[in-house]
Amino acid sequence: MFAECILTGAVDRGAEDEGVVCMFEVGDFVVYGSNGVCRITEVGPIDCPGVDQSKIYYTMTPCYIRDSSIFTPVDNNRVVIRKVMSEEEAKEFLGQLGQIKTMPVKEEKKREALYKETLLTCEPEKIVSLLKTIHKRMQERLSEGKKVTSSDAKYYHIAEDSLYGELAISLGMAKDEVGSYVQEQMKLAAS
């Protein structure tokens, strides 16, 4: 699924680490941890005082956060970074939404930790499972005459924002159009 490239440009700029293999190229859209969808704008050393010039970095611009840049070493293994779904993968994924189940929450006190942990995976299937879990809980609470918890509302919004951001890029549509498109696709799949 990931395109590999050898960093030859890094050698031209004086970097010593010519054997580094990167997974992404300039122009690629990636999902980068809790930052959501970003576009790779540069691959190479960064010009910053005190930073090892032999280290290779991705410079990324978040698609939905204005005037922001992110720098991360290409060998960073602490934060999930993966390529955004292709249009074909996104359509296939949407066709399978009905098969994704809710998540079991074994301990109520650990619910929020489970939500956070799930979001950090950056896996669309797990994010949909989280959305379904939170939606079900919100509906149950409302039917019992209770309010939706602020935690549920917060994580539902974060999960929805993450998923819709990726699908918008994959499907070439505005992020605010994705919700209704997803609902439409779910209705088609159900019929």
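Reader: Which residues of helix 3 and helix 4 meet?
Author: In this predicted model, Arg111, Tyr115, Thr118, Leu119 and Thr121 in helix 3 meet Lys126, Ile127, Leu130, Thr133, Ile134 and Arg137 in helix 4. By class, that contact of helix 3 with helix 4 divides into five nonpolar, three polar and three charged residues.

Reader: Why are helix 3 and helix 4 called roughly antiparallel?
Author: The axes of helix 3 (residues 111-121) and helix 4 (residues 124-143) cross at roughly 150° and come within 8 Å. Angles over 145 degrees count as roughly antiparallel, and helix 3 and helix 4 are therefore roughly antiparallel to each other. Their crossing is left-handed.

Reader: Why are helix 2 and helix 5 called oblique?
Author: Helix 2 (residues 87-95) and helix 5 (residues 150-171) pack at about 130°, with axes 8 Å apart. Roughly antiparallel needs over 145 degrees, and roughly perpendicular runs from 65 to 115. The angle fits neither, so helix 2 and helix 5 are oblique. The crossing of helix 2 and helix 5 is left-handed.

Reader: Which residues of helix 2 and helix 5 meet?
Author: Glu87, Ala90, Lys91, Phe93 and Leu94 in helix 2 meet Leu163, Leu167, Ser170 and Leu171 in helix 5. This contact has six nonpolar, one polar and two charged residues.

Reader: How many disulfides does the structure hold?
Author: Zero. For Cys63, the nearest cysteine sulfur is that of Cys38, 6.5 Å away, and a disulfide needs the sulfur atoms within 2.5 Å.

Reader: What makes Cys63 count as partly exposed?
Author: Buried means under 20% and exposed over 50%; Cys63 has 30% relative accessibility, so Cys63 counts as partly exposed. Cys48, at 36%, is also partly exposed.

Definitions and conventions
Residues are numbered from 1 along each chain as its sequence is written. This is a predicted model: local features need pLDDT of at least 70, side-chain atom pairs count only at pLDDT 80 or more; totals for chains, interfaces and linings use all residues. Side-chain values use heavy atoms; hydrogens and water are left out. Axes are lines fitted to C-alpha atoms, for helices over the stretch in contact, and angles run from 0 to 180 degrees between N-to-C directions. Helices (H or I, at least four residues) and strands (E, at least two) are DSSP runs, numbered from the N terminus. Angles under 35 degrees count as roughly parallel, over 145 as roughly antiparallel, 65 to 115 as roughly perpendicular and the rest as oblique. A crossing is left-handed if the near helix is turned anticlockwise from the far one by less than a right angle, and right-handed if clockwise. Contact means heavy atoms within 4.5 Å. Ala, Val, Leu, Ile, Met, Phe, Trp, Tyr, Cys and Pro count as nonpolar, Asp, Glu, Lys and Arg as charged, and the others, Gly among them, as polar. Buried means under 20% relative accessible area, exposed over 50%, partly exposed in between (1.4 Å probe, protein chains only).
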